[in-house]
Every structure is written in structure tokens, then in C-alpha cells.
Amino acid sequence: GCELDNPNPTCGPNVALNKNTYVSSVYGNVAYGGRAVDGVANGLWNAHSCMCSLKEKNAYLAIDLGGKRQVWRVDLLNRKDCCAERLRFFVIGTTNESPLETKPKIGDYDICARSNAILGPGSMTPFKCGTTGRYVIIQLLYEDYLTICEANVYAETLPEEVAEMAAIPEGCEVGAENPTCPNVAEGKVS
């Protein structure tokens, strides 16, 4: 299922892959948000697969999932060759409000995860979510560059009326003994 120690989640597909992204700013006009969802899990800057904002307060990356989703898990890959300390003190959340219409502000969207620690250099770190929305927001809680080398979002599409009532399926809880999460790709229990 979606357990955080599972490197190959089966609680839904990576719905962030090649999706539209919105960022608070772009470092050097080259490290655009799309690099974080290009499917290339490489933490090296010269691989041209990391997004990076300018140094600013509450820098963010917003990923448009293309529709309202139940987001179970978000995995973030930190930069490996430099500056790993930048990816700390941040929140992950979801919203249905377009970042083009309303700039993300901490507290204005549903926060599902928070990190105060520096993510390991070059490590892919999973975060449990459980909220619904069309956009996933990753936002710093302080002033610095936001650098993310890959963002995977595991979620499932839900009918509009069901999405508001969604909960983590029984047996999919983090730490569940003998997980029995639905395998969305095959429609079977795994």
C-alpha cells in the first residue's frame, strides 16, 4: 500500500508525473517547476532535473493534478551535490484553488505533512498525506531557496461528492500490520 517504508507504493499511481507546475519564482530562468515532475529522480544539479526558486520567504511549488484527488502520499527527492539544508522547515498540503488566482499562503490550504528536519542529500523521502485537492503545495516556512529534484504524488481520482468524505482505507494506515490496501491499478486488494 502506501506505507512510508514502501519504496514502490501501490495506493495509486504517481499522478504528478509531467503535470503542470506553478512556482513562486524560478532561479536563473532555468530551474523551472516542471523539472520536479519530469520522472527523472536525479539529485545532481547538472542533470537539469531539479527545480529551484529564488531566495524568498515562503517559496512554493504547486503541482496541478488535473482534477480533484485523494492524495495519500508525497515523496520528495532532495538535491544530492549541494545545498541539501535548503529542503527543511516546510509543509505539504492540498487545495482546489489555483495558484494562478490565489498565491498559496500557509494556513489557506489543508496541510497534511510538515518537516522540520533537513532531508538527506539525494534521498527520496515519503510523507503521509490524506487530504483532497487538485493542487499539491510544497511551501517553505522560512526564507530560502526551495530546491526539489523530484516530487511524486500518489493519489486516486474520486467523484466530487465522495472526495470530501474520503478517509484512509482500513488497512492502509501507516504502520498497519499486514496491509490490505486496494491496488488501484488492478482493482484488487494487495
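1. In this predicted model, the side chains of Asp 75 and Arg 73 come together in a salt bridge, with 2.8 Å between N and O. Both partners lie away from the surface by the accessibility criterion: Asp 75 is buried, with a relative accessible area of 3%, and Arg 73 is likewise buried, with a relative accessible area of 2%. The structure holds 4 salt bridges, and two others are taken up in the points that follow.

2. Asp 81 pairs with Arg 79 in a salt bridge whose closest N and O atoms are 2.7 Å apart. Here the partners fall into separate accessibility classes, since Asp 81 counts as partly exposed at 39% relative accessibility, whereas Arg 79, at 10%, counts as buried.

3. The salt bridge between Asp 144 and Arg 88 has its closest N and O atoms 4.0 Å apart, a value to be read beside the criterion, which asks for a side-chain nitrogen within 4 Å of a carboxyl oxygen. This pair links distant parts of the chain, with Asp 144 in strand β8 (residues 143-144) and Arg 88 in the loop between β4 (60-77) and β5 (90-95), 56 residues apart. Asp 144 is buried, with a relative accessible area of 11%.

4. Turning to the cysteines, the count comes to 3 disulfides. One of them joins Cys 50 and Cys 149, whose sulfur atoms are 2.0 Å apart, and the link is right-handed, with 95° about the S-S bond. Cys 50 sits in the loop between β1 (21-23) and β2 (51-52), and Cys 149 in the loop between β9 (147-148) and β10 (150-157), so this disulfide ties together parts that are 99 residues apart in sequence. Cys 50 is buried, as is Cys 149.

5. A further disulfide is formed by Cys 112 and Cys 129, with their sulfur atoms 2.1 Å apart; with -85° about the S-S bond, this link is left-handed. Cys 112 belongs to strand β6 (residues 110-115) and Cys 129 to strand β7 (residues 124-140), so the pair ties together parts that are 17 residues apart in sequence. Both Cys 112 and Cys 129 are buried.

6. Which cysteine sulfur is nearest to that of Cys 52, a residue in no disulfide? The nearest is the sulfur of Cys 83, at 7.8 Å, and because a disulfide is counted for cysteine sulfur atoms within 2.5 Å, that separation does not qualify Cys 52 as a partner. Cys 52 is buried, with a relative accessible area of 2%.

7. Cys 83 is itself engaged elsewhere, as Cys 82 and Cys 83 form a disulfide with their sulfur atoms 2.1 Å apart. The torsion about the S-S bond of this pair is about 45°, so the disulfide is right-handed. The two residues differ in accessibility class, Cys 82 being partly exposed with a relative accessible area of 33%, while Cys 83 counts as buried at 14% relative accessibility.

Note on methods. Residues are numbered from 1 along each chain as its sequence is written. This is a predicted model: local features need pLDDT of at least 70, side-chain atom pairs count only at pLDDT 80 or more; totals for chains, interfaces and linings use all residues. Side-chain values use heavy atoms; hydrogens and water are left out. Helices (H or I, at least four residues) and strands (E, at least two) are DSSP runs, numbered from the N terminus. Buried means under 20% relative accessible area, exposed over 50%, partly exposed in between (1.4 Å probe, protein chains only).
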